[in-house]
Amino acid sequence: MIAVHDLHKHFGGFHAVDGASLEIAEGSITGLIGPNGAGKTTLFNVIAGVLEPTSGRVTMAGEDITGLPPHKLFHRGLLRTFQIAHEFSSMTVRENLMMVPAGQAGEGLLNAWFRRGQIAQEEATLLKKADEVLDFLTISHLKDEKAGNLSGGQKKLLELGRTMMVDARIVFLDEVGAGVNRTLLNTIGDAILRLNKERGYTFCMIEHDMDFIGRLCDPVIVMAEGHVLATGTIAEIKANEQVIEAYLGTGLKNKVTAAYG
Ligand SMILES: Nc1ncnc2c1ncn2[C@@H]1O[C@H](COP(=O)(O)OP(=O)(O)OP(=O)(O)O)[C@@H](O)[C@H]1O
Ligand SMILES: [Mg+2]
């Protein structure tokens, strides 16, 4: 579904992504792991149109999507979860969900004014959809809570929920499990598995928790020093000596020397 060809992203003389090539198969839950500073988030940001690549190409179902802005990718069903912006924290959980399709359509206020009848209809549809999403995520009891009052894990569920308000095809998750307690982590994991199986979502997720990765992901891609070091099942990855070495940090030292002489 997604293919990344020899992607580079440089920040000055620093090669954060340094010739990364990988594929994300349709219907998979692909894990992306690697030591701190390996370039995982930067790679996500380039794929999701947040950062321009220095060079290289990204395709989706064979079509070139390199450098497309996030709203264009959104319309193709490529979504990246992002933290709830400060200005939305005083809105309720349900309102946050209802904002998603409207906020992305980029409709002008004037346009909205002239189409009030239609808007009311759309709002009723959105409300119903939001309630279905809350039910799916088992957080219906939080619908009238202000988003700012949610725990870290509940916020992650809401972020995942926002991808369900539109017809997502592939969702990129950056450390969705970070700082989340075990119970909520299981709920998040269940939601990801169900979205994958029941709704056909493809996922690519960056994660540091190996148990979480092992439970959800196949294949797992390991990045180190800006490129792909290995791809395989979690068992293959855990047994890979190059991967173990990369985690021990010997590679990182070489990279710093290369970048700064
Ligand atoms: N905007 C930027 N300007 C300069 N350097 C950057 C920028 N963004 C990232 N980097 C550097 O690029 C490298 C890769 O960062 P990135 O955030 O992609 O790593 P990561 O694999 O996501 O790490 P982590 O597991 O810690 O989240 C790091 O050394 C980081 O300091
Ligand atoms: Mg990161």
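**Exercise 1. List the contacts of Asn 196 beyond its neighbours within four places in sequence, and say whether Asn 196 is buried or exposed.**

Solution.
- Step 1: Apply the contact rule, heavy atoms within 4.5 Å. Leaving aside neighbours within four places in sequence, Asn 196 touches Gly 27, Ser 28, Ile 29, Tyr 201 and Phe 203.
- Step 2: Look for a polar contact. This is a pair of N or O atoms within 3.5 Å; within protein, one must be able to donate a hydrogen and the other to accept it, and residues adjacent in sequence count only if both atoms are side-chain atoms. The side chain of Asn 196 reaches the backbone oxygen of Gly 27 at 3.0 Å.
- Step 3: Place the residue. Asn 196 sits in helix α7. Helices (H or I, at least four residues) and strands (E, at least two) are DSSP runs, numbered from the N terminus.
- Step 4: Judge the accessibility. Buried means under 20% relative accessible area, exposed over 50%, and partly exposed in between (1.4 Å probe, protein chains only). Asn 196 has 14%, so Asn 196 is buried.

The model is predicted: local features need pLDDT of at least 70, side-chain atom pairs count only at pLDDT 80 or more, and totals for chains, interfaces and linings use all residues. Residues are numbered from 1 along each chain as its sequence is written, chains are lettered from A and ligands numbered from 1 in the order in which they are written, and side-chain values use heavy atoms, with hydrogens and water left out.

**Exercise 2. Describe the sheet of six strands and the helix α7 that packs on it.**

Solution.
- Step 1: Find the pairs. Two strands pair if DSSP finds at least two bridges between them.
- Step 2: Write the order. The open sheet runs β6-β7-β8-β3-β9-β10, with mixed pairing.
- Step 3: Find the edges. β6 (78–80) and β10 (227–232) each have a single partner strand, so one side of each is left without a neighbour in the sheet.
- Step 4: Take one pair. β9 (residues 220–224) and β10 are antiparallel over five bridges. Val 222 stands opposite Ala 230 in β10.
- Step 5: Add the helix. Helix α7 (residues 182–199) packs on the sheet and touches β3 (29–33), β7 (170–174) and β8 (202–206). The direction of α7 makes about 150 degrees with that of β8. Axes are lines fitted to C-alpha atoms, for helices over the stretch in contact, and angles run from 0 to 180 degrees between N-to-C directions.

**Exercise 3. Do the same for the sheet of four strands.**

Solution.
- Step 1: The order is β2-β1-β4-β5, and the pairing is antiparallel.
- Step 2: β2 (14–24) and β5 (63–64) are the edge strands, each pairing on one side only.
- Step 3: β1 (residues 2–11) and β4 (residues 55–60) pair over five bridges. Ile 2 faces Met 60 in β4.
- Step 4: Helix α1 (residues 40–47) packs on this sheet, touching β1, β2 and β4. The direction of α1 makes about 115 degrees with that of β1.

**Exercise 4. Count the disulfides and explain why Cys 217 has no bond to Cys 204.**

Solution.
- Step 1: Use the cut-off: a pair of cysteine sulfur atoms within 2.5 Å. The count is zero.
- Step 2: Check the distance. The sulfur of Cys 217 is 8.3 Å from the closest cysteine sulfur, in Cys 204, which is too far for a bond.
- Step 3: Check burial. Cys 204 is buried at 3% relative accessibility. Cys 217 is buried at 5%.
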